[in-house]
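Thank you all for coming; I would like to walk you slowly through one structure this morning. Please have the sequence and the model open in front of you, and stop me whenever a residue is hard to find.

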Amino acid sequence: MSDWHDSVVMFECAGESLVGIVSAPLVPAEVGVLVIVGGPQYRAGAHRQFVLVARHLAVRGIPCMRFDYRGMGDSTGPASSFEALNDDIDAAIGAFLKAQPGLSRVVLWGLCDGASAVCLYPAETDRRVAGSLLLNPWVHTEAGEAKVFLKHYYLQRLTDPAFWKKLLGGKVSVLSSFGSLFSLLKVAGGSADKPSAAAAVQVEEATGSLPERMAKGLARRDDPLAVLLSGRDYVAREFDQMQASSAEWRAVLGRQGVEVLHFPEADHTFSGVGECDAVAEATLKWMQANGLARV
């Protein structure tokens, strides 16, 4: 007999039917992991990433639930933006606790804009949340993306002898290459033409940018936090660049109970051999270090 099992969980959110899968050990635990899916993905994840992480944790005594939020996978309703998942997360936590006897708290675990949704969730008012783990958080802005490409793509190309050989040999379009470069320089400098600029300023003043709202959400909490960053991922590089220039993010990442872990060879979804297991093990060790799992 296996020491873990999968089970289907059906639950409701705002009148819609949502589907979750719980991977659970036979021995009850007080704290579990709730996976918040990122991007246009359903509960399995790219390369079955979430399936593998959930089962890895279950074998080691930690129940894990992954679910389809409204409009994704097998859940009903119109698709929701990652910025509007608070009700889905709240309902999923309740369904997870109900499905697992003895479970009283959960760690919110999210990839990409799933990690962003975790930051925006009001966990400071939800005693069921024991901590948060963010993988390659999505902090996208047009200027931030442009700066990342300038630093990590164009700088590399401009210092590559092979690029200049192709350029001088007529194998690369001068207008196309440098036109794209100048466009990125314009966006990175914040001078790109934007429709309805006045309206954009009003929205920015009223709500703040996405990175600012994420930082403010985390700043209101005092529970454990971990950030996992891939070395071969533009999303992670944009996060690195953003937090280096943000006093709010530096304050969040510098407080006690926060850990930042780097995976230098990993891509965005940790699809390389052994990388998914490495993420699951890092999750386990972080939980153990913070008293959220048995040692």
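Let me begin with a pocket, since that is a convenient place to enter the model, which I should say at once is a predicted one. The second largest pocket is lined by A29, E30, V31, R60, G61, I62, R105, L284, G291, L292, A293 and R294. Sorted by class, that lining comes to 6 nonpolar, 2 polar and 4 charged residues, and the space inside the pocket is about 160 Å³.

Before going further, a word on the chain as a whole. The protein chain has 295 residues, of which 48% count as buried, and its secondary structure amounts to 11 helices and 8 strands. If we take the contacts between residues at least 6 apart in sequence, 72% of them join residues at least 24 apart.

Now back to the pocket, because two of its lining residues, L284 and G291, lead us to helix α11. This helix covers residues 275–289, so 15 residues in total, and from its first C-alpha to its last it reaches 21 Å, which is close to the 21 Å expected at 1.5 Å a residue. After the helix comes G291, with a positive phi near 70°.

Which residues of α11 are buried? They are E275, C276, V279, A280, A282, T283, L284, W286 and M287, and you will notice that L284, which we have just met in the pocket lining, is on that list. As a general reminder, an α-helix has 3.6 residues a turn, so residues three or four places apart point the same way. The buried residues of α11 pack against β3 (31–36), α1 (49–59), β5 (105–111), β6 (129–135), β7 (225–230) and β8 (258–263).

One of those partners, β7, deserves a closer look. Is β7 enclosed or open to the outside? Here 6 of the 6 residues are buried, so β7 is largely enclosed by the rest of the structure. L225, V227 and L229 point one way from the strand, while A226, L228 and S230 point the other way, and all of these are buried. As for its neighbours, β7 runs parallel to β6, with 4 bridges joining the two, and L133 stands opposite A226 of β7. β7 also pairs with β8, again in the parallel sense and over 6 bridges, where V258 in β8 is the bridge partner of L225.

Let me turn next to the helix α3 (113–120), which is mostly covered, as 8 of its 8 residues are buried. They are D113, G114, A115, S116, A117, V118, C119 and L120, and the buried residues of this helix pack against β3, α2 (86–99), β5, β6, α8 (210–219) and α10 (247–254).

In the loop between α3 and β6 we find D126, which counts as buried at 9% relative accessibility. Leaving aside residues up to four places away in sequence, D126 touches D90, I93 and Y121. D90 is 36 residues away from D126 along the chain, and their C-alpha atoms are separated by 8.8 Å.

The strands at the start of the chain give us a contrasting pairing. Strand β1, residues 4–13, and strand β2, residues 16–25, run antiparallel and are joined by 10 bridges; if you would like one pair to look at, the bridge partner of H5 is A24 in β2. These strands form a hairpin with 2 residues between them, and A14, in the loop between β1 and β2, has a positive phi near 55° although A14 is a residue other than glycine.

F270, which is found in the loop between β8 and α11, likewise has a positive phi, of about 55°, without being a glycine. How do A14 and F270 stand in terms of burial, buried or exposed? A14 is exposed, with a relative accessible area of 62%, whereas F270 counts as buried, at 1% relative accessibility.

So, if you go back to the model afterwards, I would suggest starting from α11 and following its buried residues to β7 and β8, which are among the elements they pack against. Thank you, and I am happy to take questions.

How values were computed:
Residues numbered from 1 in each chain as written. Predicted model: local features only at pLDDT ≥ 70, side-chain atom pairs only at ≥ 80, totals over all residues. Heavy atoms only, no water. Buried < 20%, exposed > 50% of the residue type's maximum accessible area, 1.4 Å probe, protein only. Contact = heavy atoms within 4.5 Å. 1 Å grid on protein atoms, 1.4 Å probe; cavity = no way out; pocket = protein on both sides within 12 Å on 5 of 7 lines; lining within 4 Å. Points joined across faces, edges and corners; volume = space filled by probe spheres on them. Nonpolar A, V, L, I, M, F, W, Y, C, P; charged D, E, K, R; others polar. Pairing = 2+ DSSP bridges.
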